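Q: I am new to this structure and would like a close look at one part of it. Please take a single pocket, describe what surrounds it, and then follow the chain outward from there.

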Amino acid sequence: MHHSTPAADAATPPSASQSATPARAALPLAGLRVVEFSHMVMGPTCGMVLADLGAEVIKVEPVEGDRTRHLLGAGAGFFAMFNRNKKSIALDLRSPGGLEVAIRLASSADVVAQNFKPGVMARYGLDYAALSRLNERLVYVNHAGFLPGPYEHRTALDEVVQMMGGLAYMTGRPGDPLRAGSSVNDIMGGMFGAIGAMAALMQRAATGRGQEVDAALFENNVFLVGQHMMQYAVTGQPAAPMPERISSWAVYDVFSVQGGEQIFLAAVSDAQWRTFCDALGYADLRADPQLATNNDRVRARATLLPELRRRLAAHTAAELAAIFERHGLPFAPIARPEQLFDDPHLNATGGLAEVTLPDGERAGHTARVALMPLRMDGQRLGVRSSPPQRGEHTAALLQELGYAPEAIAALQAAGEVA
């Protein structure tokens, strides 16, 4: 994929003699500059994807720092999770000096990403219309609650769009809508922003021009439940919420076992059913002609499942996991997020990488963070730098933009940068 900056566009490809690569070739987006005006999860996810893929991503924070750094409760992990591999510059956009820096920085970028309310960036002259006049090659990604239309004035949160977009209905029990247990739309919305940015960069290689890309939470959520919309279109039957859905499989459930533990067990074909019966010594169930086929077993679920629950309760979760693993049957322990730090597969495959925490009570401590679920050229996309301190790269970036040392000192003294 060709995605270099304008200066590099003129470069010739290396000859065969030049192209001996080190152990790891340059990351796919090396040489691209991304400037991110964002907070919380959606915009930062877009920036993180591009940063992990090798882009230089510069996070623009207010002089007092991104408020996401100091969230409590469910938001406490947001900053440390979504801001690795980035630089930080802290600017007061309400000051003339801070705003001038922001405009110079943004117009030096290949990609600008933002997730503020509609109209905020235009107020500062940092919207696509203004910046594309300074750099026609700019790709500009808006992350919003809604694409332009009747709802665009509404304030959206992941919870809001999950409720109005059918996901909370599908996740909870009937009459008890429940948001999914992660910021699914914020994270996927940022991923779609990054996909749009990369597609626009590929188009720019052909046309020489950038473009504006829009990603939105509500539309993302509708895409997630599109399978249930099509289920209705195909069958004429509304999709039932997940806890009430009629399973296509007889054995496909969470079972409570010895010591109050739980484990998910499944047998989704006739061959798996026979293996299941053999592995657990259930010769009587295997021989029962009323349980011979999957559809027979689905029809018998009302009596079959209570019987299986009674029999399986004699085992521990570890015993069942070992039996199912040995026989190639589907199973899953019911893990909590904090248990994944010790997951042997994640640790063996390099799925977690160490960062230094930038803020909060444990600032300066290290923690392992989940990497993108990708390998490229046989390697994981790792952590090149921990989430930055507030304004950690302000002085270096100002110098790079051509500000003299005394000009930088004056901006700092006036509180226009930090």
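A: **The second largest pocket and the helices around it**

In this predicted model, the second largest pocket holds about 380 Å³ of space. Its lining is made up of 22 residues, and those closest to the centre of the pocket are V49, L53, M191, M372 and L374. Sorted by class, the lining of this pocket counts 19 nonpolar residues, two polar residues and one charged residue.

Three helices each supply at least two residues of that lining: helix 2 (42-52), helix 3 (78-82) and helix 9 (184-207). The one that gives the most is helix 9, with five residues.

Helix 9 is also the place to leave the pocket and look at helix packing. Two packed helices are described by the angle between their axes and the distance between the axes. For helix 9 and helix 10, the latter covering residues 217-224, the axes come within 9 Å and cross at roughly 100°. An angle of 65 to 115 degrees counts as roughly perpendicular, and helix 9 and helix 10 are therefore roughly perpendicular to each other. On the helix 9 side, the contact is made by V184, N185, D186, M188, G189 and F192. On the helix 10 side, the residues are L217, N220, N221, F223 and L224. Taken together, the residues of this contact between helix 9 and helix 10 comprise six nonpolar, four polar and one charged.

Helix 10 in turn packs against helix 11 (residues 226-235), at an angle of about 50° and with the axes 4 Å apart. Helix 10 and helix 11 are therefore oblique to each other. Here helix 10 contributes V222, F223 and L224, while helix 11 contributes G226, Q227 and M229. This contact of helix 10 with helix 11 has four nonpolar and two polar residues, and no charged ones. F223 and L224 of helix 10 are listed in the contact with helix 9 and again in the contact with helix 11.

Last, the wider setting. A domain assignment divides the protein into domain 1 (33-231 + 385-414) and domain 2 (247-333). The centres of domain 1 and domain 2, taken over C-alpha atoms, are separated by 46 Å.

How values were computed:
Residues are numbered from 1 along each chain as its sequence is written. This is a predicted model: local features need pLDDT of at least 70, side-chain atom pairs count only at pLDDT 80 or more; totals for chains, interfaces and linings use all residues. Side-chain values use heavy atoms; hydrogens and water are left out. On a 1 Å grid over the protein atoms alone, a cavity is a set of points where a 1.4 Å probe fits but cannot get out, and a pocket is an open set with protein on both sides within 12 Å along at least five of seven lines; lining residues have an atom within 4 Å of a point. Grid points are joined across faces, edges and corners, and a volume is the space filled by probe spheres set on the points. Ala, Val, Leu, Ile, Met, Phe, Trp, Tyr, Cys and Pro count as nonpolar, Asp, Glu, Lys and Arg as charged, and the others, Gly among them, as polar. Domain bounds come from an automatic or database domain assignment. Axes are lines fitted to C-alpha atoms, for helices over the stretch in contact, and angles run from 0 to 180 degrees between N-to-C directions. Angles under 35 degrees count as roughly parallel, over 145 as roughly antiparallel, 65 to 115 as roughly perpendicular and the rest as oblique. Contact means heavy atoms within 4.5 Å.
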